[in-house]
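Here's a short set of exercises to work through with the model open beside you. Try each task before you read its solution.

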Amino acid sequence: MTTAVTPPATGPGHVRITAAGLLRSEWTKLRSVRSLRLTLALSFAAVAALSAYLLIDGETLGDGAAADVPFAFTAVYPLGVLALTVLGVLVVTGEYSSGTVRASMIAAPRRTGVLLAKAAVLAGVTTALGALLSVALYVLTRITGAVPAAAGMSLFDPAMSGGVVAATLLLPYGALFGIALGALVRNAAAAITLYFGVFQLGPQIFPVFLPDGLTGFTHWMPFAAMDVVRGAGLADGPYGVGTAVAVLLAWAAALGGVSWWLLKTRDI
């Protein structure tokens, strides 16, 4: 008499999804999807090229108020933040437009891990690239002498490192901001429109429609806080760097929390 042997179940519900597996999956998506690869490369290439031009030209960063800021070579990093926000949006919405998000959510039915893995991979990559970019531009600053305040100053001097680290970390913040917007709206065009209409242009538009007592709200929007952080305390602002960091974290937590809740409760 023979005993029937039941093969082990291999469906997605019986496969243990690990954090490492989710990270590998998101890393594969980032480096294999051509549009994401190009957007990432162009984002850093544009910032590097424009910063290098200003340093080699020497006139813009060697005159005026910028001459007193040792980390003035980070002046165009907001352009990188903008581009990386768009990249973050595409990282999420690209899966919705192609329909591959269903496979991701079937593999990880709790869904939270997928969103966290996307954020971790993109933040890690953009932080690493941002650090390399900042070091390279610092070296170019020393070679060209385009920033008088940086003459003879070590990268690890607090007057230099504070501003460099702050500006560099704003790059992955932009990417994470884009992920939150993409997960919130799920459509690339709508998310990018929301970004430009509310967060990029909003501080200039809202005061026209808001009562006088509420116009100060724009000081608490993300890009106002980014300007304070990027100034590292050397530029005048509505509040200090510590408060600006708290404002940025609050926006990230609010948008990320709503996006996570919608991801858990909405149909794919």
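**Exercise 1.** Does K118 count as buried or exposed, and at what relative accessibility?

*Solution.* First, some ground rules: this is a predicted model, where local features need pLDDT of at least 70, side-chain atom pairs count only at pLDDT 80 or more, and totals for chains, interfaces and linings use all residues. Residues are numbered from 1 along each chain as its sequence is written, and side-chain values use heavy atoms, with hydrogens and water left out. Next, the cut-offs: buried means under 20% relative accessible area, exposed over 50%, and partly exposed in between, with a 1.4 Å probe and protein chains only. K118 comes in at 7% relative accessibility, so it counts as buried.

**Exercise 2.** Work out which residues are linked with K118 in a network of salt bridges.

*Solution.* Step one is the criterion: a side-chain nitrogen of Lys or Arg within 4 Å of a carboxyl oxygen of Asp or Glu. The structure holds five such salt bridges.

Step two, start from E26, which pairs with K118 at 3.1 Å between the closest N and O atoms. That pair links distant parts of the chain, with E26 in helix α1 (residues 19-32) and K118 in helix α6 (residues 112-144), 92 residues apart. Helices here are DSSP runs (H or I, at least four residues), numbered from the N terminus. Both E26 and K118 are buried.

Step three, move to E95, whose salt bridge with K29 also has its closest N and O atoms 3.1 Å apart. E95 sits in helix α4 (residues 77-98) and K29 in helix α1, 66 residues apart. E95 is buried too, with a relative accessible area of 7%.

Step four, close the loop of reasoning: E95 and K118 meet at 2.0 Å, N to O. Since E95 lies in α4 and K118 in α6, the pair ties together parts 23 residues apart in sequence. Put together, E26, K29, E95 and K118 make up the network.

**Exercise 3.** Find which residues are buried in helix α8 (residues 188-200), and say how they are arranged around its axis.

*Solution.* Pick out A191, Y195 and F199, which are buried. Now look down the axis: the buried residues fall within an arc of 45° (taken from the directions from the helix axis to the C-beta atoms), so they line one face of α8. Turn to the face away from that buried side, and you'll find the exposed residues A189 and T193. Finally, check the start of α8, where a side-chain oxygen of N187 reaches to within 3.1 Å of the backbone nitrogen of A189.

Key
Helix = DSSP H or I, 4+ residues; strand = E, 2+ residues; numbered from the N terminus. Polar contact = N/O pair within 3.5 Å; in protein donor to acceptor, adjacent residues only side chain to side chain.
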